[in-house]
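Please look over the chain as a whole before turning to single residues. The paragraphs below go from local exposure to overall make-up, and then to the packing of helices.

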Amino acid sequence: MARSELAAPRLADLLALDDASFREMFAGSPIKRIGVKRLIRNCLIAAGNSADLALVPAVEPHLADPDPVVAEAARWALAQLGVSSARMQAA
């Protein structure tokens, strides 16, 4: 049975997850198998495709992620959202 709190989580909330909160939120869920980094990458792609500028503050912290796949997804998402490369470097 699906848990109602997982039915439609806000993208900004998912982008704010760290490993501990990811494990807590998705305990007992098949999503837990993909891991927090792949979930974040997928959410960054969704953010970039969303055209929602309100997501920029949720995306920017991922520019500094030590995982190069996540950091590149954050750069891509911000570029899709129209954020200048100068702003990305400052973030």
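A residue counts as exposed when its relative accessible area is over 50%, as buried when that area is under 20%, and as partly exposed in between. Ala51 has a relative accessible area of 65%, so Ala51 is exposed. This model is a predicted one, and every value that follows is computed from it.

Ala51 sits in the loop that links helix 3 to helix 4, the latter spanning 56–59. Its backbone deserves a note: the phi angle of Ala51 is near 65°, which is positive although the residue is not glycine. Most residues other than glycine have a negative phi.

The overall make-up can be put briefly. The protein contains six helices and zero strands, and the order along the sequence reads α-α-α-α-α-α. It has 91 residues, and 36% of them count as buried. The accessible surface is about 5500 Å², with 57% of that area belonging to carbon and sulfur atoms. Taking contacts between residues at least 6 apart in sequence, 49% join residues that are at least 24 apart.

How do helix 3 and helix 5 pack, and at what angle? Helix 3 covers residues 35–50 and helix 5 covers residues 68–80; their axes are 8 Å apart and meet at an angle of about 10°. Angles under 35 degrees count as roughly parallel, and therefore helix 3 is roughly parallel to helix 5. On the side of helix 3 the contact is made by Lys37, Ile40, Arg41, Leu44, Ile45, Gly48 and Asn49. Helix 5 contributes Val69, Val70, Ala73, Ala74, Trp76, Ala77 and Gln80. Sorted by class, this contact of helix 3 with helix 5 has nine nonpolar, three polar and two charged residues.

Lys37, one of the helix 3 residues in that contact, is partly exposed, with a relative accessible area of 36%. Setting aside neighbours within four places in sequence, Lys37 is in contact with Asp65, Asp67 and Val70. Of these partners, Val70 is also among the helix 5 residues of the helix contact. Between Lys37 and Asp65, which are 28 residues apart along the chain, the C-alpha atoms are separated by 9.6 Å.

Val36 also belongs to helix 3. Is Val36 buried or exposed? Its relative accessible area is 11%, so Val36 is buried. Not counting residues up to four places away in sequence, Val36 touches Leu17, Asp18, Asp19 and Phe22. The C-alpha atoms of Val36 and Leu14 are separated by 9.4 Å, with their positions 22 residues apart along the chain.

Phe22, one of the residues that Val36 touches, leads to the aromatic rings. The count of aromatic pairs comes to one. Its members are Phe22 and Phe26, whose ring centres lie 5.3 Å apart and whose planes are at 45°, so the pair is tilted. Both rings belong to residues with little accessible area: Phe22 is buried at 2% relative accessible area, and Phe26 is buried at 3%.

Which residues does Leu11 contact, once its neighbours within four places in sequence are left aside? They are Cys43, Ala46, Ala47 and Leu55. Leu11 lies in helix 1, which covers residues 11–15. With 22% relative accessibility, Leu11 counts as partly exposed, because the limit for a buried residue is under 20%. Leu11 and Ala47 are 36 residues apart in sequence, yet their C-alpha atoms are 7.3 Å apart in space.

The last stop is Gly82, in the loop between helix 5 and helix 6, which spans 85–90. Gly82 is exposed, with a relative accessible area of 61%. The C-alpha atoms of Gly82 and Gly48, 34 residues apart along the chain, are separated by 9.3 Å. Gly48 is one of the helix 3 residues in the contact with helix 5.

Terms used: Residues are numbered from 1 along each chain as its sequence is written. This is a predicted model: local features need pLDDT of at least 70, side-chain atom pairs count only at pLDDT 80 or more; totals for chains, interfaces and linings use all residues. Side-chain values use heavy atoms; hydrogens and water are left out. Axes are lines fitted to C-alpha atoms, for helices over the stretch in contact, and angles run from 0 to 180 degrees between N-to-C directions. Helices (H or I, at least four residues) and strands (E, at least two) are DSSP runs, numbered from the N terminus. Angles under 35 degrees count as roughly parallel, over 145 as roughly antiparallel, 65 to 115 as roughly perpendicular and the rest as oblique. Contact means heavy atoms within 4.5 Å. Ala, Val, Leu, Ile, Met, Phe, Trp, Tyr, Cys and Pro count as nonpolar, Asp, Glu, Lys and Arg as charged, and the others, Gly among them, as polar. Buried means under 20% relative accessible area, exposed over 50%, partly exposed in between (1.4 Å probe, protein chains only). Rings of Phe, Tyr and Trp (its six-membered ring) pair if their centres lie within 6.5 Å; planes under 30 degrees apart count as stacked, over 60 as edge-to-face and the rest as tilted. Accessible areas come from the Shrake-Rupley method with a 1.4 Å probe; for residues, only the protein chains shown count as cover.
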